[in-house]
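User: I am new to this structure and would like to go through it step by step. Please take my questions one at a time.

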Amino acid sequence: MTALVDGRGPGGLGTGNEVVGARWGGTREEPHTQPRRARAESLTEPSRAMLGEVLESVLRARAVGTVTVVGADPHAGLYADLGAGSVHVVAKSPTPAVRAAVTADPALHLVTDGDPPPAELYVLAGDTGYHGTRRELERVMAEEPDAVVLVWNVLWPAGRRDVLPGVGAHGPSVGRDGLGPAGLGAGAVDAADEAGGEENGVLTAVEDVLAEADESWTMGVVPALSGLAVLARDEAWFAEELWETLLPWTTSELLAGLERNRIALVSRVLELEYAATAAARESADHQIRLTRCLQQLDAAWDEIADLRAEHADNADNADKAAVSAASRPSLRARLRLRRTPAATH
């Protein structure tokens, strides 16, 4: 008998040839499960719950009971779902999304002033750029050397370039990433002018802290969802089991390739959004110029009519001038006629 393994654990129906991961493809009665779920999920801001298996293995290897999340992370409840007894979210100015997440989950505790209790797992949201990440990481490594530290956003776009959400009203200028006209988008983030160099980016901050640490620490990077770095002290009692558990994730060329594919898709979406915005702006500019031209034409017609009436040799010429002025379509009508063909495409 063929065994069915649905991706949620070992086991199946008998023994023999196994069909692994059958549930990902839906059923014969509901064949659209996969694309329907894909369209319901965000391409530009995927949920960190997708890495739940990785995070669960970290919590299990360290025997984590208390988690401290530093930064605005609306996904903080994920760690409680994975088995942590309490999760403290440290945010001096929490966003409405963070407040809503804390309110909805009794395992979450918001810390806006003072220090949270010691924890076995510290999570840095990676949303404070080089200096904020370095400051928090140095503090955690000095005060809690036997904790595991997770740092998000160590790969594109924030790994080698400071990207600060919600700081700028207009976001980065076009072309700052040097790869395409759309850059990183606009309105949601503020970013360093260029990527690379010193004191720029979350990954650069982590590398500098590790290079100057008094003790030996190891960092493993899970190359998915903008990059998750896992840090632990080499002499920690759980280090060997932790790295053995994470090895398939931190060395996965498949994950790295899928992340590159996601970046390609996100970049294309940004380019399309930029092109659409630019086209709309250009169309509006054309409309403004057209309106001005028609206004000038109206003024010229009025002037011609006045001159004809003023210099008419007889009433017949004056009547012709009046008829000519009256027969002109109005500015509003001409604008409507101008727009109608484009609207029908």
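User: In what order do the seven strands of the open sheet lie?
Analyst: This is a predicted model. In it, seven strands make up an open sheet with mixed pairing. Their order is 5-4-3-6-7-11-10.

User: Which strands are the edge strands?
Analyst: An edge strand here pairs on one side only. That applies to strand 5 (108-111) and strand 10 (217-222).

User: By how many degrees are neighbouring strands of this sheet turned against each other on average?
Analyst: The figure is an average over neighbouring strands of the sheet. Strand direction is ignored, and the value is 20°.

User: Which helix packs on the sheet, touching strand 3, strand 6, strand 7, strand 10 and strand 11?
Analyst: The helix covers residues 129-143, and its direction makes about 175° with that of strand 6 (121-124). The name asked for is helix 5.

User: Which residue in the turn of the hairpin formed by strand 10 and strand 11 has a positive phi?
Analyst: Strand 10 and strand 11 (residues 228-233) pair in the antiparallel sense over six bridges. Among the bridge partners, T218 is matched with A232, and V222 with L228. Five residues lie between the two strands, and the one in the turn with a positive phi, about 50°, is L225.

User: What is the mean pLDDT of the protein?
Analyst: A pLDDT of 70 or more is reached by 76% of the residues. Residues 8-14 are below 50, with 10 contacts beyond near neighbours in sequence. Residues 167-176 are also below 50, with 26 such contacts. For the protein, the mean is 79.

Key
Residues are numbered from 1 along each chain as its sequence is written. This is a predicted model: local features need pLDDT of at least 70, side-chain atom pairs count only at pLDDT 80 or more; totals for chains, interfaces and linings use all residues. Side-chain values use heavy atoms; hydrogens and water are left out. Two strands pair if DSSP finds at least two bridges between them. Helices (H or I, at least four residues) and strands (E, at least two) are DSSP runs, numbered from the N terminus. Axes are lines fitted to C-alpha atoms, for helices over the stretch in contact, and angles run from 0 to 180 degrees between N-to-C directions. Contact means heavy atoms within 4.5 Å. pLDDT is the predictor's confidence in each residue, from 0 to 100.
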